[in-house]
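Here is a friendly walk through one structure, with the charged side chains taking the lead. Have a look at the sequence and the coordinates, and then read on.

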Amino acid sequence: MTTAARPTFEPARGGRGKGEGDLSALSKQYSSRDLPGHTKIKYRQPTQDAPEEVRARDFRRELEERERVAVREKTRERGPRGWRNALSMTRCAQSSTRNLWRNM
């Protein structure tokens with residue numbers, strides 16, 4: 001067994017040597033990790049989706065508009081052959097969006 005595993009007969013006692021009476025008098029240095037951090041709270045700016053702005057927006061209309069634009073772009077990529085399928089997808093997406101909002 002090593003000596004580290006054995007208890008000390010006389011435990012070490014601090015504060016009796018030179019300059020050890022008041023531990024705060026030893027050094028005036030302190031670590032940057034001891035300093036307070038994150039002392040200020042950042043508030044949302046007017047353009048960062050403040051609650052007043054969110055209440056005024058119509059999310060359903062915005063979502064449906066984005067879906068229409070996406071389907072239009074997809075139909076342009078496919079060309080004239082897939083136009084019927086793209087239209088049915090638009091109607092399906094719009095009806096599912098409406099049903100989603102009704103259930104809320």
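## Arginine 57 and its network

Let us begin with a side chain at the surface. Arginine 57 has a relative accessible area of 33%, so this residue counts as partly exposed. Its salt-bridge partner is glutamate 62, and the closest N and O atoms of the pair lie 2.9 Å apart. The pair also belongs to a wider arrangement: a network of salt bridges links Asp49, Arg57 and Glu62. Please keep in mind that this is a predicted model.

## Other salt bridges

How many salt bridges does the count come to? The total is four. One of them joins the side chains of aspartate 58 and arginine 61, with an N to O distance of 4.0 Å. Aspartate 58 is partly exposed, because its relative accessibility is 39%.

Another salt bridge brings together glutamate 65 and arginine 68, at 3.2 Å from N to O. Why are these two residues about one helical turn apart? Both sit in helix α2 (residues 59-78) and they are three residues apart, so about one helical turn separates them. Neither side chain is hidden away: glutamate 65 is partly exposed at a relative accessible area of 33%, and arginine 68 is partly exposed at 28%.

## Overall layout and surface

Stepping back, the protein chain has three helices and zero strands. Along the sequence, this gives the pattern α-α-α.

What share of the 104 residues in the protein chain is buried? Buried residues make up 8% of them. The protein chain exposes about 10,300 Å², and 53% of that area is supplied by carbon and sulfur atoms.

## Valine 54 in helix α1

Helix α1 covers residues 51-56, and valine 54 is one of its residues. Is valine 54 buried or partly exposed? With a relative accessible area of 31%, valine 54 is partly exposed, because only values under 20% count as buried. Leaving aside residues up to four places away in sequence, valine 54 touches Asp49 and Phe59. Asp49 appears here once more, having already been met as a member of the salt-bridge network with Arg57 and Glu62.

## A positive phi at histidine 38

Histidine 38 is found in the segment before α1. Its phi is near 50 degrees, a positive value in a residue other than glycine. For context, most residues other than glycine have a negative phi. Histidine 38 counts as exposed, because its relative accessibility of 85% is over 50%.

## Where to trust the model

How confident is the prediction on average? The protein chain averages a pLDDT of 75, and 53% of the residues score at least 70. Confidence is highest in α2, at 92, and lowest in helix α3 (residues 83-103), where the mean is 62. Where pLDDT is low, the predicted coordinates should not be read in detail. For the salt bridge between glutamate 65 and arginine 68, the setting is helix α2, the element with the highest confidence in the protein chain.

Note on methods
Residues numbered from 1 in each chain as written. Predicted model: local features only at pLDDT ≥ 70, side-chain atom pairs only at ≥ 80, totals over all residues. Heavy atoms only, no water. Buried < 20%, exposed > 50% of the residue type's maximum accessible area, 1.4 Å probe, protein only. Helix = DSSP H or I, 4+ residues; strand = E, 2+ residues; numbered from the N terminus. Areas by Shrake-Rupley, 256 points an atom, 1.4 Å probe, with all protein chains shown as cover. pLDDT = per-residue confidence, 0-100. Contact = heavy atoms within 4.5 Å.
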